[in-house]
Amino acid sequence: MKLEMMEPIVKKFYEGLEQGKFYARKCKECGAIEFPPHYACNACGYHDTEWTTVSGRGVLKSVITPVALNANNTLAAIGPYCFGEVELEEGCSFNSTIFGVDAKNAKKIRGKLPVPVHPKFIQMDGYTTLMFEVDEEALAD
C-alpha cells in the first residue's frame, strides 16, 4: 500500500519507519503510550493523543516458535525468528515477530525471560515494517 493512500493514524507511523523512527501515540491526559497507534487512550479513555517517538527498546516476555501452519518463508529467509510478546521501556505491550530465536535456542531463551530486544526495520511488500530482534547478550551462554 502506498503511503499517500494510508489513513492518517497509520501514515505517520509508516513514514517514521521509512526514516528508521518508531512512532506511537501518547495520551495528553495520563501520558500512557499507545502502540499500535490509537486515537483514544486505552489506559484512561481520554480522546486526545499525540505522536511521540519511542526507543523501541524493551523486553521479550514470551516465545512461540513457528510451526507449519504459521511459518513464513519470507521471514525465515531473513533469519531465525519466533513470535512473542514485547513490552517496551515506555510501558506498552504487544505481539510481534522476533528475530534471533528459533526452535534450537527457544528453550534457552525461555529460561532467561524476559530478555532485551531492539527494533528491526525490514523492507517487505514494498514498505518498511517493524519487527524486533533479541539482543546479542541474551543469546550468549
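This report describes the strands, one helix, a pocket and several single residues of a predicted model.

**The barrel**

Five strands close into a barrel, and their order is β4-β5-β6-β8-β7. The pairing in this barrel is mixed. From one strand to the next, the twist averages 55°.

Three of the strand pairs in the barrel can be described one by one. Strand β4, residues 58-60, pairs with β5 in the antiparallel sense over three bridges. Within that pair, Gly58 has Leu88 in β5 as its bridge partner. Strands β5 and β6 also run antiparallel, joined by seven bridges. Here Phe83 is matched with Thr97 in β6. Strand β7, residues 115-124, and β8 are antiparallel as well, with eight bridges between them. In this pair Met124 stands opposite Tyr127 in β8.

**The open sheet**

A separate group of three strands forms an open sheet in the order β2-β1-β3, with antiparallel pairing. Its edge strands are β2 (33-34) and β3, each of which pairs on one side only. Five bridges join β1 to β3, and Arg25 has Trp51 in β3 as its bridge partner.

The antiparallel pairs with a bridge count are collected below.

| Strand pair | Bridges | Citation |
|---|---|---|
| β4 and β5 | three bridges | |
| β5 and β6 | seven bridges | |
| β7 and β8 | eight bridges | |
| β1 and β3 | five bridges | |

**Helix α1**

Helix α1 spans residues 8-18 and lies across β7 and β8, running at about 70° to β8. Which residues of α1 are buried? They are Ile9, Phe13, Tyr14, Gly16 and Leu17. These residues lie on the same side of α1, because they cover an arc of only 155° around the axis. An α-helix has 3.6 residues a turn, so residues three or four places apart point the same way. The cover over the buried residues of α1 includes β1 (23-27), β3 (49-53), β7 and β8. Elements of both the open sheet and the barrel are thus named in that cover. Just after α1, Gly20 takes a positive phi of about 75°.

**The largest pocket**

The largest pocket holds about 170 Å³ of space. It is lined by 13 residues. Those nearest its centre are Phe35, Phe94, Asn95, Ser96 and Leu130. Helix α1 and strands β6 (93-99) and β8 each supply at least two residues of the lining.

**The β5-β6 turn and Cys92**

Strands β5 and β6 form a hairpin with four residues between them. In the turn, Gly91 has a positive phi of about 110°. Cys92 is found in the loop between β5 (81-88) and β6. Is Cys92 buried or exposed? Its relative accessibility is 8%, so Cys92 counts as buried, the cut-off for buried being under 20%. Leaving aside neighbours within four places in sequence, Cys92 is in contact with Ile33, Phe35, Val86 and Glu87. Of these contacts, Phe35 is also one of the residues nearest the centre of the largest pocket. From C-alpha to C-alpha, Cys92 lies 9.7 Å from Ala24, although the two are 68 residues apart in sequence.

**Two loops beside β8**

Asp125 sits in the loop between β7 and β8. With a relative accessible area of 68%, Asp125 is exposed. Its phi is near 55°, a positive value in a residue other than glycine.

Asp135 is found in the loop between β8 (127-134) and α4 (136-139). Asp135 counts as buried because its relative accessibility is 5%. Beyond its neighbours within four places in sequence, Asp135 contacts Arg57, Pro116, Val117 and His118.

**Cis peptide bonds**

Most residues other than glycine have a negative phi, and most peptide bonds are trans. Two cis bonds to proline are described here. The bond from Phe35 to Pro36 is cis, with omega near -5°, and Pro36 lies in the loop between β2 and β3. A cis peptide bond also joins Leu113 and Pro114, with omega about 0°. Pro114 is in the loop between α3 (106-112) and β7.

How values were computed:
Residues numbered from 1 in each chain as written. Predicted model: local features only at pLDDT ≥ 70, side-chain atom pairs only at ≥ 80, totals over all residues. Heavy atoms only, no water. Buried < 20%, exposed > 50% of the residue type's maximum accessible area, 1.4 Å probe, protein only. Contact = heavy atoms within 4.5 Å. Pairing = 2+ DSSP bridges. Axes fitted to C-alpha atoms, helices over the stretch in contact; angles between N-to-C directions. Arc of directions from axis to C-beta. 1 Å grid on protein atoms, 1.4 Å probe; cavity = no way out; pocket = protein on both sides within 12 Å on 5 of 7 lines; lining within 4 Å. Points joined across faces, edges and corners; volume = space filled by probe spheres on them.
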